[in-house]
Amino acid sequence: MKLIFASNNQHKSSEIQNIIGDSFKLITLLEAGFEGDIPENQNTLEGNALEKARFIFNKLHVNCFADDTGLEVEALNGAPGVFSARYAGHENNAENNITKLLLNLSDKTNRKAQFRTVTALILNGKEYLFEGTVKGNIITEKRGDSGFGYDPIFIPDGYNKTFAEMPLIEKNKISHRANSIFKLAEFLKKDNFIP
């Protein structure tokens with residue numbers, strides 16, 4: 001089965017294809033012949049994921065899914081949350097986002113946080129949502145060269161490495177995106193959409 005992933009983020013595409021293996025074939029927007037921006041104007045992860053999936057479904061008229069992820073920090077009342085990618089400005093600069101987050105946490109002792117991903121699937125015109133989370137802590141300085149976004153400052157519970165210090169195969173066993181995509185894949189298998 002082929003599904004379009006409604007995102008221009010190649011990091012995400014690689015991660016997701018790695019998670020699902022051969023369960024279904026992931027088609028990128030570029031491969032589907034779509035170039036351009038996808039709207040992301042909602043105030044919730046669920047809203048953004050649905051908006052992106054609906055936009056691509058209405059443009060290309062094919063089964064697709066989209067996701068949105070936020071880092072929710074307890075001491076910052078869930079911020080940056082839905083604004084994680086644009087936390088330090090609309091240029092989506094990961095370095096600036098990390099710098100701002102660490103500055104805002106500089107006087108906080110509570111470093112608990114969670115990554116949360118919501119995946120919206122549009123299949124044969126019907127909409128489905130799948131959520132995945134991973135809890136952990138924000139450290140005071142970056143560690144590791146893998147991953148993207150806030151990965152260098154996030155240590156998941158039960159580990160002593162940041163996401164950016166983990167090989168992709170290890171991260172994909174426990175990550176928020178993996179949890180969400182596993183639920184999507186199980187749904188497709190359970191309802192016999194894929195073998």
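The exercises below walk through a predicted model, each with a worked solution.

Residues are numbered from 1 along each chain as its sequence is written, and side-chain values use heavy atoms, with hydrogens and water left out. Because the model is predicted, local features need pLDDT of at least 70 and side-chain atom pairs count only at pLDDT 80 or more, while totals for chains, interfaces and linings use all residues.

**Exercise 1. Work out how strand β3 is placed and which strands it pairs with.**

Solution. Begin with the terms: helices (H or I, at least four residues) and strands (E, at least two) are DSSP runs, numbered from the N terminus, and buried means under 20% relative accessible area, exposed over 50%, and partly exposed in between (1.4 Å probe, protein chains only).

Step one is to look at burial along the strand, which covers residues 64–73. In β3, 10 of the 10 residues are buried, so the strand is largely enclosed by the rest of the structure.

Step two is to sort the residues by direction. In a regular strand the side chains alternate between the two faces of the sheet. Here Cys64, Ala66, Asp68, Gly70 and Glu72 point one way, while Phe65, Asp67, Thr69, Leu71 and Val73 point the other way.

Step three is to list the neighbours, given that two strands pair if DSSP finds at least two bridges between them. Strand β1 (residues 2–5) runs parallel to β3 and is joined to it by two bridges, with Phe5 having Phe65 as its bridge partner. Strand β5 (residues 112–123) is antiparallel to β3 and shares 10 bridges with it, Phe115 being the partner of Leu71. Strand β4 (residues 80–81) is also paired with β3 in the antiparallel sense, over two bridges, and Gly81 of β4 stands opposite Leu71. Between β3 and β4 lie six residues that complete a hairpin, and in its turn Asn77 has a positive phi of about 55 degrees.

**Exercise 2. Find which residues of helix α3 are buried and what they pack against.**

Solution. First, pick out the buried residues of α3 (residues 94–104), which are Asn97, Ile98, Leu101 and Leu102. Seen down the helix axis, these residues fall within an arc of 125 degrees (taken from the directions from the axis to the C-beta atoms), so they line one face of the helix. An α-helix has 3.6 residues a turn, so residues three or four places apart point the same way. Next, turn to the other side of α3, where Thr99 and Leu103 are exposed.

Then follow the contacts (heavy atoms within 4.5 Å): the buried residues of α3 pack against β3, β4 and β6 (126–138). Finally, at the N-terminal end, Asn93 caps α3 through a side-chain oxygen that lies 3.0 Å from the backbone nitrogen of Glu95.

**Exercise 3. Describe the largest nonpolar core and its contributors.**

Solution. A nonpolar core is a set of buried Ala, Val, Leu, Ile, Met, Phe, Trp, Tyr and Cys residues joined through side-chain atoms within 4.5 Å. The largest such core has 20 residues, and those with the most contacts inside it are Leu71, Val73, Leu101, Ile138, Tyr150, Ile153 and Phe154. At least two residues of this core come from each of β3, α3, β5, β6 and β7 (154–156), and α3 gives the most, with three. To follow one member outwards, note that Tyr150 touches residues including Leu71, Ile98, Leu101 and Phe115.

**Exercise 4. Trace the salt bridges of Asp68, Glu127 and Lys171.**

Solution. A salt bridge is a side-chain nitrogen of Lys or Arg within 4 Å of a carboxyl oxygen of Asp or Glu, and the whole structure holds 13 of them.

Take Asp68 first: its side chain meets that of Lys52 in a salt bridge (3.7 Å, N to O). Lys52 lies in helix α2 (residues 45–60) and Asp68 in strand β3, so the pair ties together parts that are 16 residues apart in sequence. Asp68 has 4% relative accessibility and therefore counts as buried.

Glu127 and Arg54 come next, at 2.7 Å (N to O). Glu127 belongs to strand β6 and Arg54 to helix α2, so this pair links parts 73 residues apart in sequence. Glu127 counts as partly exposed at 39% relative accessibility, as does Arg54 at 37%.

Last, Lys171 and Asp151 meet at 2.6 Å (N to O). Lys171 is buried, with a relative accessible area of 3%, and Asp151 is buried with 3%.

Methods: A polar contact is a pair of N or O atoms within 3.5 Å; within protein, one must be able to donate a hydrogen and the other to accept it, and residues adjacent in sequence count only if both atoms are side-chain atoms.
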